[in-house]
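Got your viewer open? Let's take a walk through this one together, one selection at a time.

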Amino acid sequence: TIIAVQFNKHFTIMLFKTLSELLFAVQLFFLASYTGFAMNLLSVFRNVIFVYAVRKKKPILPWIIVFSLVALATGVTTAVLSWNSSLSSMQERFNSATLVMIFAILVSLLPIAAKITTTFAYACKNPHKLRMINLPSVIAWLIHDIIIFSIAGMSNNVFAIVSITVAEIRFRKIKFEDDKTPTTLNNQGEQSA
C-alpha cells in the first residue's frame with residue numbers, strides 16, 4: 001500500500017494495490033470482518049478489469065457503475081449474513097448497547113463506502129487524481145480498523161496517508177521544477193530544455 005502510491009503510472013499503482021487488497025482480505029477474514037473481506041476480494045477482480053480498460057482505452061464508466069452496484073450488493077449481503085457475528089464481536093469489546101449497535105453498523109458500512117470510493121479512484125488514469133480520491137477510502141478503512149482493533153490495518157492506513165502526502169509533495173515538486181526549466185528554440189525551430 002505504501003509503495004503503490006509512490007509510482008506515477010496507473011498499472012504499477014494498481015499492481016501493488018491489488019496485492020495489498022488481497023493480503024488484507026485474508027487478514028480481515030481472520031478478524032471476522034466479513035464485509036471488509038468481501039470488499040477486498042471484490043477489489044482484486046475490479047482492479048484487473050480497470051487495468052485492462054485503462055490500458056486499452058475502453059469506456060470505464062460502465063465498469064464504475066457495475067462495480068459500485070456489486071460492491072453495494074455484496075456489502076449489504078455480507079453485513080446481513082454476518083450481523084450476529086458483528087454484534088457479538090462488538091459486545092465483547094464495548095459495554096454500551098448503543099455503542100455496540102453504532103460500531104456494528106460502521107464495521108458493515110465503512111468497507112462498502114471505502115470500496116465504492118476506490119472504484120472511482122482506480123478508474124482514474126491520472127495518478128494524482130487516483131491518490132487524492134483514494135484518500136477518503138484510506139480514512140474510512142482507518143476508522144474501520146480502529147473499531148475492529150486491527151493493529152496491522154491501522155498501521156497500514158496511517159502509513160498510507162503519510163505515503164500519499166509524500167507522493168503528492170514529491171510529484172508536485174518534480175512538476176514545479178519541470179515547469180521552471182526554460183525552453184529554447186534550436187536551429188530547426190524545435191523546443192529543447
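Start by coloring the chain by confidence. This is a predicted model, and the mean pLDDT of the protein chain is 85, with 94% of its residues at 70 or more. Select helix α6 (residues 127-147) to see where confidence is highest, at a mean of 91. Then jump to strand β2 (residues 191-192), where confidence is lowest, at a mean of 50. Where pLDDT is low, predicted coordinates should not be read in detail.

**The whole chain**

Switch to cartoon view and zoom out. You should find 7 helices and 2 strands. Going from the N terminus, the order is α-α-α-α-α-α-α-β-β. Along the principal axes, the C-alpha atoms fill a box of roughly 75 × 30 × 25 Å. The protein chain has 193 residues, and buried ones make up 43% of them. Take the contacts with a separation of 6 or more: 64% of them are between residues 24 or more positions apart.

**Into the core**

Next, select M14, F50, I60 and Y122 and show their side chains. In the largest nonpolar core, which has 18 residues, these four touch the most other members. Now highlight α1 (10-30), α2 (34-55), α3 (61-81) and α5 (97-122), since each of them supplies at least two residues of this core. Which helix gives the largest share of this core? That would be α2, with 7 residues.

Stay with F50 and bring up its surroundings. Leaving aside neighbours within four places in sequence, F50 is in contact with H10, M14, I60, W63, I64, F67, T119, Y122 and A123. There's also a second, separate core of 13 residues; to find it, select M90, V107, A140 and I148, which are among its members.

**Empty spaces inside**

Time to look at the gaps. Rolling a probe the size of a water molecule over the atoms shows where empty space is left. How many cavities of 30 Å³ or more are there? The count comes to 3.

For the largest cavity, with a volume of about 210 Å³, select K17, N40, W141, N156 and N157. Of the 21 residues in its lining, those five lie nearest the centre. Four helices, α1, α5, α6 and α7 (151-180), each supply at least two residues of this lining, and α1 gives the most, with 6. Color the lining by residue type and you'll get 6 nonpolar, 11 polar and 4 charged.

The second largest cavity holds about 50 Å³ of space. Select L31, A32, S33, S85, S86, S89, M90, V107 and I148 to see its lining. M90, V107 and I148 may ring a bell, as they are also in the second core you just visited. Helix α4 (residues 83-93) gives the most to this lining, with 4 residues. Here the split is 5 nonpolar, 4 polar and no charged.

**A pocket**

Now for the largest pocket, with about 160 Å³ of space. Its lining is N8, N126, P127, H128, R131, E168, F171, R172, I174 and K175. The elements that give two or more residues to this lining are α6 and α7, and α7 gives the most, with 5. By type, the pocket lining divides into 3 nonpolar, 3 polar and 4 charged.

**Three single residues to finish**

Click on F16, in helix α1. Is F16 buried, partly exposed or exposed? F16 counts as partly exposed because its relative accessible area is 26%, which falls between the cut-offs of 20% and 50%. Not counting residues up to four places away in sequence, F16 touches I3, A4 and F7. If you draw a distance from F16 to V5, C-alpha to C-alpha, you'll get 8.6 Å, for residues 11 apart in sequence.

The last two stops are about backbone angles. Most residues other than glycine have a negative phi. Select K57, in the loop between α2 and α3: its phi is positive, about 55°, although K57 is not a glycine. K57 has a relative accessible area of 69%, so it is exposed, the cut-off being over 50%.

Then hop to F149, in the loop between α6 and α7. Phi of F149 is also positive, near 55°, and again this is a residue other than glycine. F149 is exposed too, with a relative accessible area of 54%.

Conventions. Residues are numbered from 1 along each chain as its sequence is written. This is a predicted model: local features need pLDDT of at least 70, side-chain atom pairs count only at pLDDT 80 or more; totals for chains, interfaces and linings use all residues. Side-chain values use heavy atoms; hydrogens and water are left out. pLDDT is the predictor's confidence in each residue, from 0 to 100. A nonpolar core is a set of buried Ala, Val, Leu, Ile, Met, Phe, Trp, Tyr and Cys residues joined through side-chain atoms within 4.5 Å. Buried means under 20% relative accessible area, exposed over 50%, partly exposed in between (1.4 Å probe, protein chains only). Contact means heavy atoms within 4.5 Å. On a 1 Å grid over the protein atoms alone, a cavity is a set of points where a 1.4 Å probe fits but cannot get out, and a pocket is an open set with protein on both sides within 12 Å along at least five of seven lines; lining residues have an atom within 4 Å of a point. Grid points are joined across faces, edges and corners, and a volume is the space filled by probe spheres set on the points. Ala, Val, Leu, Ile, Met, Phe, Trp, Tyr, Cys and Pro count as nonpolar, Asp, Glu, Lys and Arg as charged, and the others, Gly among them, as polar.
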